[in-house]
Amino acid sequence: MESILSFLETHKDRYLRELNEFLAIPSVSTHPQNAADVRRCADWVAEHMRIVGMENVQVFQTAGHPVVYGDWLHDPGKPTLLLYGHYDVQPAEPFELWESPPFQGTVRGGNLYARGAADDKGQVFIHLKAIEAIIKNAGRLPVNLKLIIEGEEEIGSEHLESFVSEHKDLLKADLVLISDSSMFKKGVPSICYGLRGLAYMQVDLVGPNKDLHSGSFGGTVHNPIQALAEIIAQLHDKNGRIAIPGFYKDVLPLTKKERAAYRKLPFSEKEYARDLGVKQLYGEKGFTTLERVWARPTLECNGIVGGFTGEGAKTVLPSKASAKISMRLVPNQSAAKVAKLFEKHIKKLAPKSVSVTVRSLHGGEPAITPIDSPGVKAAVAALEKGFGKKPLYQREGGSIPIVVQFKQLLGIDTVLLGFGLPDENAHAPNEFLNLDNFFGGIRTSVHFLHELPHYMNGRHR
Ligand code: BES
Ligand code: MN
Ligand code: MN
């Protein structure tokens, strides 16, 4: 262990150089024009898996972007860990808001800035370097390991579910580990035990069959933008609750224990509001901010388009208006069920003066993972050694759709070990990974791989 940890210390510069190669590939999964970059990134991941000592490395084609697999399976007496992550990233636009180029890793103030630095290339790379340090120094890993790094997480992991169900034997394991979330705050490591789900919808309204002169026709037909605004305005009630009938029916209430635990966390609503530049926070009445973001469902309008939006003025009564509306879901809501309720309600709200279509773009199920499992105990021990501090337990508001599918298809529980930070600007300009978290993450990963067999074999404690 000593030689592994000192190896880490002496290779820090190389780690940054290599991670920057990974970050330089614009693997934006949603952009068709980046498809070749996504492919090149999959090949980079595969090559790097081989470099760090993984075996049977393969790039699997799917109907979408490739999945990269590699393993190291040498000890049938030891547990098998399945490590999941994603090499695709969100678009970097708007480019002009970046202080340094998004696809050129740049260190400023102890942070590494680039698209994907935290979500999720940096966190995938953390584990690759832990694996490398162990294999280079000890000649072998303390567990059996399988890696599956996908290229479609940011677009809903559309083809991963069928990949998993078609490769059940290949992916067979005792535990899944995912590093694609955040620590509670800087210097405060955490174990995440819950993620929200997602139902992402598009609503299209059509009024008149063409754009009209707003003088000649204004006052004769319902402007679809107005109709859309009227619909959207009815989706929440005065208490910030979602006004779709049946929406809350399957919501798992927070337990008393959870509510008490969240209140003890080092969190200030005032500071939170200040950091976000708002005078007042907003959300469902009767719940704290942490409760709302971790354990309550929400409905957000992600974008509205319609009519004239260019420079200057144009007097037009538009033919069409659209909105992208997503709902974050909590256990035990189902994405498909909620999508149906949403569609039914929108159709009911829509006035006769316009025609409306509702489509589901993608979905993912919410997840709760056990916190008293051997895997979590190993993670607690590893974080304590890697960061010198006991982690706390939290949930997250984001979604990782595959977590539930690993449980349903393979019967495997997941441990969520995040090395990002809540203010890391994921999906936004100036995304960063904190370098203390980067190096602490590599140490933690090394410790986790060593702790796991003790806990999983039930020999320990
Ligand atoms: N890494 C995030 C998930 C996440 C975000 C976990 C915040 C914990 C905290 C992931 O890459 C992501 O962005 N997921 C999407 C999923 C969606 C496209 C189905 C999300 O949450 O919007
Ligand atoms: Mn991610
Ligand atoms: Mn993401």
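User: Let's start with Asp119: is this residue buried or exposed, and what is its relative accessible area?
Analyst: We're looking at a predicted model here. The cut-off for buried is under 20% relative accessible area. Asp119 falls on the buried side of that line, with a relative accessible area of 10%.

User: Which two ions does Asp119 bridge, and how far apart do they lie?
Analyst: Asp119 coordinates both the manganese ion (ligand 2) and the manganese ion (ligand 3). That makes Asp119 the bridge between them, and the gap from one ion to the other is 3.5 Å.

User: Which protein atoms hold the manganese ion (ligand 3), and at what distances?
Analyst: Glu154 shows up twice in the donor list, each time through OE. Asp119 adds an OD and His427 an NE2. These contributions sit at 2.1 to 2.5 Å.

User: What is the geometry of the site of the manganese ion (ligand 3)?
Analyst: There are 6 donor atoms, and their angles run from 56 to 157 degrees. To count as octahedral, six donors would need opposite ones over 155 degrees apart and all others between 65 and 115. With 56 degrees in the range, the site of the manganese ion (ligand 3) is irregular.

User: How many residues apart in sequence are Asp119 and His427?
Analyst: The donor spacing for the manganese ion (ligand 3) reads D-x34-E-x272-H along the chain. Asp119 sits in the loop between strand S5 (111-113) and helix H4 (121-138), while His427 sits in the loop between strand S18 (414-417) and strand S19 (432-434). The pair links distant parts of the chain, 308 residues apart.

User: And what is the relative accessible area of His427?
Analyst: Asp119 is buried, but His427 is partly exposed. Partly exposed is the class between the 20% and 50% cut-offs. For His427 the value is 43%.

User: Over to the manganese ion (ligand 2): what are its protein donors?
Analyst: The donors lie 1.9 to 2.4 Å from the ion. In sequence, the donor residues follow H-x32-D-x60-D. Put names on that pattern and you get His86 (NE2), Asp119 (OD), and Asp180 with two OD entries.

User: Why is the arrangement around the manganese ion (ligand 2) called irregular?
Analyst: Six donors pass as octahedral only if all non-opposite angles stay between 65 and 115 degrees. The manganese ion (ligand 2) has 6 donor atoms, and the arrangement is irregular because they subtend angles of 57 to 166 degrees.

User: How far apart in sequence are the parts that His86 and Asp180 tie together?
Analyst: As donors of the manganese ion (ligand 2), the residues are spaced H-x32-D-x60-D. His86 lies in strand S3 (residues 80-86) and Asp180 in the loop between strand S7 (175-178) and strand S8 (190-192), so the pair ties together parts that are 94 residues apart in sequence.

User: Which residue does a cis peptide bond join to Asp119?
Analyst: Omega is about 0 degrees for this bond. The partner lies in the loop between S5 and H4. It's Asp120.

User: What is the phi of Asn430?
Analyst: Asn430 is found in the loop between S18 and S19. It is buried, with a relative accessible area of 12%. Asn430 isn't a glycine, yet its phi is positive, at about 65 degrees.

User: Which residues does Ser29 touch, leaving out those up to four places away in sequence?
Analyst: Ser29 lies in the loop between helix H2 (12-23) and helix H3 (35-52). Its relative accessible area is 6%, so Ser29 is buried. One of its contacts is Glu154, a donor to the manganese ion (ligand 3). The full set is Val38, His65, Asp88, Val89, Gly151, Glu154 and Ile155.

User: Which element gives the most to the lining of the second largest pocket?
Analyst: The pocket holds about 280 Å³ of space, and 13 residues line it. By class, that lining has 3 nonpolar, 7 polar and 3 charged residues. S15 and helix H14 (402-410) each supply at least two residues. The top contributor, with 4 residues, is S15.

User: Which residues does Ser360 touch, again not counting those up to four places away in sequence?
Analyst: Ser360 is found in strand S15 (residues 355-364). From Ser360 to Ala339 is 6.7 Å, C-alpha to C-alpha, with their positions 21 residues apart in sequence. The contacts of Ser360 are Tyr200 and Met201.

Methods:
Residues are numbered from 1 along each chain as its sequence is written. Chains are lettered from A and ligands numbered from 1 in the order in which they are written. This is a predicted model: local features need pLDDT of at least 70, side-chain atom pairs count only at pLDDT 80 or more; totals for chains, interfaces and linings use all residues. Side-chain values use heavy atoms; hydrogens and water are left out. Contact means heavy atoms within 4.5 Å. On a 1 Å grid over the protein atoms alone, a cavity is a set of points where a 1.4 Å probe fits but cannot get out, and a pocket is an open set with protein on both sides within 12 Å along at least five of seven lines; lining residues have an atom within 4 Å of a point. Grid points are joined across faces, edges and corners, and a volume is the space filled by probe spheres set on the points. Ala, Val, Leu, Ile, Met, Phe, Trp, Tyr, Cys and Pro count as nonpolar, Asp, Glu, Lys and Arg as charged, and the others, Gly among them, as polar. Donors are N, O and S atoms within 2.8 Å of the metal (3.2 Å for Na, K and Ca); water is not among the atoms, so sites may look incomplete. Four donors count as tetrahedral if all angles lie between 85 and 135 degrees; four count as square planar and six as octahedral if opposite donors are over 155 degrees apart and all others between 65 and 115; anything else is irregular. Buried means under 20% relative accessible area, exposed over 50%, partly exposed in between (1.4 Å probe, protein chains only).
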